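Dear colleague,

Please find below the structure that I am handing over to you. My findings follow it, and I should be grateful if you would read them with the structure open.

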Amino acid sequence: MIRIAICDDEKHMSDHIRAMASDFFRKKNREIHFRIFLSGEELLSYDGQIDILFLDIQMKGMDGLETARKLREGQFRGFLIFITVLKEMVFQSFEVQAYDYLVKPVDEKQFGKTMERLFASMQNNNEDSLLVQKG
């Protein structure tokens with residue numbers, strides 16, 4: 001099962017992301033579970049596992065970048081995708097190892113491209129591999 005969290009203070013945006021992600025993983029025949037958070041503080045208080053996190057940058061209270069920093073300082077090693085209207089924050093997203101950066105309103109075609117890449121990365125992470133170095 002893939003555990004997906006969406007953290008956005010706008011309910012309609014969380015619903016939109018949830019619908020697109022549900023559609024994507026249904027087509028991949030993968031079981032998913034969603035968790036919705038309305039603030040960074042609420043997300044940080046959650047102690048369950050998250051595989052994919054969709055995180056808004058501009059929120060009331062703690063912003064998404066600060067939330068991501070705190071998550072990365074902790075044990076969060078999942079895929080982080082920022083979803084925001086703030087195009088100018090893209091370079092700061094690299095500081096917290098963001099997987100991608102989608103600009104609102106999120107285009108379904110762009111979302112699909114991101115999810116295809118992410119799904120391939122998830123498949124590669126689950127494969128057993130052995131690195132042999134010679135010399």
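The notes below cover the overall fold, the nonpolar cores, the aromatic pairs and the empty spaces, in that order.

Overall fold

Please bear in mind that this is a predicted model. The protein consists of 135 residues, of which 43% count as buried. It has five helices and five strands, and along the sequence these follow the pattern β-α-β-α-β-α-β-α-β-α. Among the contacts with a separation of 6 or more, 60% are accounted for by residues 24 or more positions apart.

Nonpolar cores

The largest nonpolar core has 22 residues, and within it I4, I17, I52, F54 and F111 touch the most other members. Two or more residues of this core come from each of β1 (2-7), α1 (11-27), β3 (52-55), β4 (79-84) and α5 (108-126). The most is given by α1, with six residues. A second core, separate from this one, has 19 residues, including L43, M59, L71 and L80.

F54 deserves a closer look. With a relative accessibility of 1%, below the 20% cut-off for burial, F54 counts as buried. Its neighbours within four places in sequence left aside, F54 is in contact with I4, A5, I6 and C7, with I17, with I81 and I83, and with F111 and M115.

Aromatic pairs

There are seven aromatic pairs in the structure. I describe two of them here.

The pair of F24 and F119 is edge-to-face, with 6.1 Å from centre to centre and 75° between the planes. Because F24 lies in helix α1 and F119 in helix α5, this pair ties together parts that are 95 residues apart in sequence. F24 and F119 are both buried. Ring pairs also bring in F25, so that F24, F25 and F119 are linked into a cluster.

The pair of F54 and F111 is stacked, with 5.7 Å from centre to centre and 25° between the planes. This pair, too, links distant parts of the chain: F54 belongs to strand β3 and F111 to helix α5, and the two are 57 residues apart. F111 counts as buried, because its relative accessibility is 3% and the cut-off is 20%. As noted above, F54 and F111 are both among the residues that touch the most other members of the largest nonpolar core.

Pocket and cavity

What lines the largest pocket, and which residues lie nearest its centre? The lining comprises 15 residues, and those nearest the centre are G48, I50, L71, Q75 and F76. The volume of this pocket is about 240 Å³. Both α2 (40-44) and α3 (64-73) supply at least two residues each to its lining. Sorted by class, the lining has seven nonpolar, five polar and three charged residues. L71, which lies among the residues nearest the centre of the pocket, is also a member of the second core.

The structure has one cavity of 30 Å³ or more. The space in the largest cavity is about 40 Å³. Its lining is made up of R3, I4, A5, H33, R35, Y46, Q49 and I50. The elements giving two or more residues to this lining are β1 and β2 (32-37), and β1 provides the largest share, three residues. By class, the lining of the largest cavity divides into four nonpolar, two polar and two charged residues. I50 appears in the lining of the largest cavity and is also one of the residues nearest the centre of the largest pocket.

Y46, one of the residues lining the largest cavity, is found in the loop between α2 and β3. Is Y46 buried or partly exposed? Y46 counts as partly exposed, because its relative accessibility is 24%, and the partly exposed class runs between 20% and 50%. Apart from its neighbours within four places in sequence, Y46 is in contact with R35 and F37. Y46 and R35 are 11 residues apart in sequence, and their C-alpha atoms are 9.8 Å apart in space. R35, like Y46, belongs to the lining of the largest cavity.

With kind regards

Notes: Residues numbered from 1 in each chain as written. Predicted model: local features only at pLDDT ≥ 70, side-chain atom pairs only at ≥ 80, totals over all residues. Heavy atoms only, no water. Core = buried A, V, L, I, M, F, W, Y, C linked by side-chain atoms within 4.5 Å. Buried < 20%, exposed > 50% of the residue type's maximum accessible area, 1.4 Å probe, protein only. Helix = DSSP H or I, 4+ residues; strand = E, 2+ residues; numbered from the N terminus. Contact = heavy atoms within 4.5 Å. Phe/Tyr/Trp six-rings, centres within 6.5 Å; stacked < 30°, edge-to-face > 60°. 1 Å grid on protein atoms, 1.4 Å probe; cavity = no way out; pocket = protein on both sides within 12 Å on 5 of 7 lines; lining within 4 Å. Points joined across faces, edges and corners; volume = space filled by probe spheres on them. Nonpolar A, V, L, I, M, F, W, Y, C, P; charged D, E, K, R; others polar.
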